[in-house]
Amino acid sequence: MIDPDLLARGELDLLGRLMAASNGTFQGTVTLGGESATVVYKPVEGERPLWDFPDGTLAQREYGAYVVSEALGWNVVPPTLLRDGPLGLGMVQLWIDEVELPAGETELVDIVPQGRVPKGWVGVLDALDGRHNPVTLVHADNLALQRMAVFDAVVNNADRKGGHVLNPGDGRVFGVDHGVTFNADDKLRTVLWGWAGTPVPAELLEDVRRLADGLAGQLGAELNELITAVELTATRERCATMLKTGTFPLPSEDWPAIPWPAF
């Protein structure tokens, strides 16, 4: 997808700040040897402290999520690393352009009129929209999103909004914004609950099994430089639970199940 040297050693120039982000987030370019790519840059200095994520940095968790994605072999997270930039050390991630869908076509995660779940999609939640119309939160029923749902359960993603699911239009699906992951407490909060309590495909469970083995060895040592030992243990336990039950997790009764806003 991208030369790792370009991301790691390319000259990083900022194009502008993404004002909708709650932490300092910038779009920029990296350039090396005549090649360039657009990236997202989140400097550690731009992070707002979070009471429930007091250890380490959000940038470390973003990179840790990429490490897990690569270990699974799923490419859920775009190429990501920690490096220095114009505003200091931070997370640098390849920018993913989304495809523009034809009029009337449903996004991978979307809101539709209640009772009109499209074929090949699953319903997550019935609710009322801002005009009190009955609607349903839906997402596509495909293997790419199942991978993302399993990944989120493993890393304990507390903020899988619909807007964090990117569709480049080539069959791949990417997830972004993984700064609030790996907490030792159950904080899974996502729009991808459509398979809750149902069996995880065997091929995905086998990948989780490989991940669990890696977390007991070199992969675990690498992650332990990014998250705490307690959080690493909790990650291993989440893998073990999924392998034991063989099912997608159910929403917690102690934590909001869906992020707000959902997109």
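The following paragraphs describe the nonpolar cores, the pockets and the cavity of this structure, which is a predicted model.

The interior is a suitable place to begin. In soluble globular proteins, nonpolar side chains tend to be buried together. Here the largest nonpolar core holds 44 residues, and those that touch the most other members are Val68, Trp74, Leu145, Val150, Phe151, Leu211 and Leu223. Two or more residues of this core come from each of H2, strand E8 (134–140), H3, helix H4 (202–215), helix H5 (218–223) and H6. Helix H3 provides the largest share, nine residues. Valine 150 may serve as an example of the packing: leaving aside residues up to four places away in sequence, Val150 touches Trp74, Val200, Leu204, Val208, Met242 and Phe248. A second core, separate from this one, consists of 16 residues, including Val30, Ala37, Leu94 and Phe174.

Attention may now turn to the open spaces. The largest pocket has a volume of about 950 Å³. Its lining comprises 37 residues, of which Ser22, Lys42, Asp159, His164 and Asp177 are the closest to the centre. At least two lining residues are supplied by each of strand E3 (35–43), helix H2 (58–72) and strand E5 (90–94). The largest share, three residues, belongs to H2, a helix that also gives two or more residues to the largest nonpolar core. By class, the lining of the largest pocket divides into 17 nonpolar, nine polar and 11 charged residues.

The second largest pocket contains about 370 Å³ of space. It is lined by 17 residues, and Ala153, Asp186, Arg238, Thr241 and Pro249 are the closest to its centre. Helix H3 (143–155) and helix H6 (229–245) are the elements that give two or more residues to this lining, and H6 contributes the largest share, six residues. The lining of the second largest pocket has eight nonpolar, five polar and four charged residues.

One further space remains to be described. The structure holds one cavity of 30 Å³ or more, and the space within the largest cavity is about 80 Å³. Its lining is formed by Ala149, Asp152, Ala153, Leu188, Thr190, Leu192, Trp193, Trp195, Ala196, Phe248 and Pro249. Nine of these residues are nonpolar, one is polar and one is charged. Several names in this lining recur elsewhere: Ala153 and Pro249 are among the residues closest to the centre of the second largest pocket, while Phe248 is one of the residues that Val150 touches.

Key: Residues are numbered from 1 along each chain as its sequence is written. This is a predicted model: local features need pLDDT of at least 70, side-chain atom pairs count only at pLDDT 80 or more; totals for chains, interfaces and linings use all residues. Side-chain values use heavy atoms; hydrogens and water are left out. On a 1 Å grid over the protein atoms alone, a cavity is a set of points where a 1.4 Å probe fits but cannot get out, and a pocket is an open set with protein on both sides within 12 Å along at least five of seven lines; lining residues have an atom within 4 Å of a point. Grid points are joined across faces, edges and corners, and a volume is the space filled by probe spheres set on the points. Helices (H or I, at least four residues) and strands (E, at least two) are DSSP runs, numbered from the N terminus. Ala, Val, Leu, Ile, Met, Phe, Trp, Tyr, Cys and Pro count as nonpolar, Asp, Glu, Lys and Arg as charged, and the others, Gly among them, as polar. A nonpolar core is a set of buried Ala, Val, Leu, Ile, Met, Phe, Trp, Tyr and Cys residues joined through side-chain atoms within 4.5 Å. Buried means under 20% relative accessible area, exposed over 50%, partly exposed in between (1.4 Å probe, protein chains only). Contact means heavy atoms within 4.5 Å.
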